[in-house]
Structure formats: C-alpha cells, structure tokens
Amino acid sequence: MNDDVVGSYWDRNAHLWARQVRAGYDTYREYYNTPAFVAFIGDISGRTVLDAGCGEGYNTRIFARSGANLTGVDVSEQMIELARDEEAREPLGIRYEVSSVNDLSLFTADSFDMIVSTMALMDCADYNGAIAEFARVLRPGGTLAFSVTHPCFANDPREWHRDEDGNACELVTGPYRQSPRVVEWSFGAAPGYEREPFTVPVFSRTLTEYFNPLAPNGFCLERLLEPEPTEKACQKEPRLRKHKCFPQSMMVMARLGGK
C-alpha cells in the first residue's frame, strides 16, 4: 500500500470520522491519549508547529489554542477540507495542506520549531521517509513528538482475560510482526445507530522499526511514555481501566541535533 491508497481510505472515512470525533465518541482520545500527549509535550506557546497526519484537525485546534502557530498536513483531501471548514467557522490561524508526511516538499528546510503527530504514524505507508522529512523541515534543536498505538499490545486478534471480579488482568495479542493490512473498527462509545465501522489501512511496526530510523536522521531520543489512564478518566470511561495493566499507546520525544 502507498500514500494514494491510504489517502483514498481516509477520504471515504472522513465525514463519518469527523462527525463522531466531534460528537465525543472517541473517548480514548478525549480522556486518555490527548490529555497524556498534551502533558507530555509541555508548553508549546509561541512555537511554530507542524501537526503531521492532522486528520480533520481536532487535535490541531487544541494545540493552536495553547498559543502555538500551527500548520496541519494530512494525506486525505477530504479530511483537510473538513479541517479548513472548521477553521473558517472558528479561526485559530491554522494553515492546512494536503500532503503526505513522507513528502513535505511544500515546506522549505528549517521551517518548524516542533513537529507533533498524534496517533497517525502507524497509519502512514512510509515511516522511514516521514522521519527523514521531519529532520529536513525541523530547525536544528527542534523537537519531534509523536504517539502511536503501542507496538507490543495493538495487534489483532486480541483477547482480554478477566479475574473473578470481572477486571481485565491479562491480554493475549496477535503476532508482534504483521504485514500491512486493512481493518474495520468503530468507536465503542458511539450509540448503536451511529456505530458504522471505519475501514482503514494499518502498518504494524515494531519497536525496532520505530526507533532505529531516528539516530541516522540526526534525532536524539529524549523521552518515552507509555501512558496510564488516570482514575478520573477511568470513571468517565470504564473501558480505559484495562489500560492500567497494558498501555494502549506509546509516546516518543526526540530532539534534532545540528545539521
């Protein structure tokens, strides 16, 4: 699968995705991954930031409201159209462009202080190419921060085992190494009449595949986080409690050295 194929899938998902995300049905985003990522990256006010794989711009708007100067890119034209519509409705100064994360030729070298990517790079066709492009468009000393589904615990088929009290205590996953594939899934918090599945390509990368391209492209790993949902988040969304045992996502921060 290449970028054109990935983009065509997300074009088909775009309107359903935007409607359900904006309705709050992506509770993993709302209560777990995005709050953890915002805390992970810290204060970004005043920085020039690229949101790589921004989708319809939900998280891009969160970053912009923190005082950063945001540009969002996504391979899906429909997603970018929806993001631009929302920017027109509530202007936050965000620039949105249709672009693959592994071809950022729209931007000159040293264009950004920081690149963020939330739960997107496991869905891109060419991760190595993306890291190379991130290194090109970041300024020396710039920061790359991204989140992905955790490589060790995300592969299907998955089966949760529960203790005598009904609490998830063990996870059996599919093979660690899997070929690119197309999957169907839906937001569990969506009401039944809205629970239409998304069909998406997935690239199950290993820890080796995520980390080894960083150093050759000039990045130095600074931090790694396997977030645990807060008790407050678990009370709002009980399905999150099982991720106190096994993290659903992994967050990485790396700094670009001098060029």
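The legends below accompany close-up views of a predicted model.

**View 1. The largest nonpolar core and the residues at its centre of contacts.** The largest nonpolar core has 28 residues, and those that touch the most other members are Ile115, Leu121, Tyr127, Phe134, Leu144, Phe146 and Phe219. Two or more residues of this core come from each of strand S1 (48–52), strand S4 (112–118), helix H5 (127–137), strand S5 (138–149) and strand S11, and H5 gives the most, with six residues. Phe219 can be followed through its contacts beyond its immediate sequence neighbours (residues up to four places away are not counted): Phe219 touches Ile131, Phe134, Ala135, Leu138, Leu144, Leu214, Ala254, Arg255 and Leu256. Apart from this core lies another, of 20 residues, including Ile44, Ala64, Ile80 and Val116.

**View 2. Helix H5 and the elements that surround its buried residues.** Helix H5 is mostly covered, eight of its 11 residues being buried. These are Tyr127, Gly129, Ala130, Ile131, Glu133, Phe134, Ala135 and Val137, a list in which the charged residue Glu133 appears beside nonpolar ones such as Ile131 and Phe134. The buried residues of H5 pack against S1, S4 and S5, and also against helix H6 (207–211), strand S10 (219–225) and S11.

**View 3. The packing of helices H2 and H3.** Two packed helices are described by the angle between their axes and the distance between the axes. Helix H2 (residues 27–41) and helix H3 (residues 58–65) pack at an angle of about 40 degrees, and their axes are 12 Å apart. An angle under 35 degrees would count as roughly parallel and one of 65 to 115 as roughly perpendicular, so H2 and H3 are oblique to each other. The crossing in which H2 passes H3 is right-handed. On the H2 side the contact is made by Arg29, Glu30, Thr34, Phe37, Val38 and Ile41, which meet Tyr58, Asn59, Ile62 and Phe63 of H3.

**View 4. The covering of helix H3 and the residue that follows the helix.** H3 is mostly covered, with six of its eight residues buried, namely Tyr58, Asn59, Thr60, Arg61, Phe63 and Ala64. Of these, Tyr58, Asn59 and Phe63 are also among the residues that meet H2, while Ala64 is one of the members of the core of 20 residues. Just after H3, Gly67 takes a positive phi of about 105 degrees.

**View 5. Backbone geometry in three loops.** Most residues other than glycine have a negative phi, and most peptide bonds are trans. Asp110, in the loop between strand S3 (95–98) and S4, has a positive phi near 60 degrees, and Asp110 is partly exposed, with a relative accessible area of 33%. Met119, in the loop between S4 and H5, likewise has a positive phi, near 50 degrees, and at 21% relative accessibility Met119 counts as partly exposed, because buried would require a value under 20%. In the loop between S5 and strand S6 (159–162) lies Pro157, which is joined to Asp156 by a cis peptide bond with omega about 0 degrees.

**View 6. Cysteines outside any disulfide.** The structure holds zero disulfides. For Cys54, the nearest cysteine sulfur is that of Cys124, 14 Å away, whereas a disulfide would need the two sulfur atoms within 2.5 Å. Cys54 counts as buried, at 9% relative accessibility. Cys152 is also in no disulfide, the nearest cysteine sulfur being that of Cys245 at 16 Å, and Cys152 is partly exposed, with a relative accessible area of 29%.

**View 7. Two loop residues, Glu237 and Gly42.** Glu237 lies in the loop between helix H7 (231–236) and strand S11 (249–256). Although a loop residue, Glu237 is buried, with a relative accessible area of 9%, and beyond residues up to four places away in sequence Glu237 touches Thr27, Tyr31 and Ala189. Gly42, in the loop between H2 and S1, is partly exposed, with a relative accessible area of 38%. From Gly42 to Phe246 there are 204 residues in sequence, and the two C-alpha atoms are 24 Å apart in space.

How values were computed
Residues are numbered from 1 along each chain as its sequence is written. This is a predicted model: local features need pLDDT of at least 70, side-chain atom pairs count only at pLDDT 80 or more; totals for chains, interfaces and linings use all residues. Side-chain values use heavy atoms; hydrogens and water are left out. Helices (H or I, at least four residues) and strands (E, at least two) are DSSP runs, numbered from the N terminus. Buried means under 20% relative accessible area, exposed over 50%, partly exposed in between (1.4 Å probe, protein chains only). Contact means heavy atoms within 4.5 Å. A nonpolar core is a set of buried Ala, Val, Leu, Ile, Met, Phe, Trp, Tyr and Cys residues joined through side-chain atoms within 4.5 Å. Axes are lines fitted to C-alpha atoms, for helices over the stretch in contact, and angles run from 0 to 180 degrees between N-to-C directions. Angles under 35 degrees count as roughly parallel, over 145 as roughly antiparallel, 65 to 115 as roughly perpendicular and the rest as oblique. A crossing is left-handed if the near helix is turned anticlockwise from the far one by less than a right angle, and right-handed if clockwise.
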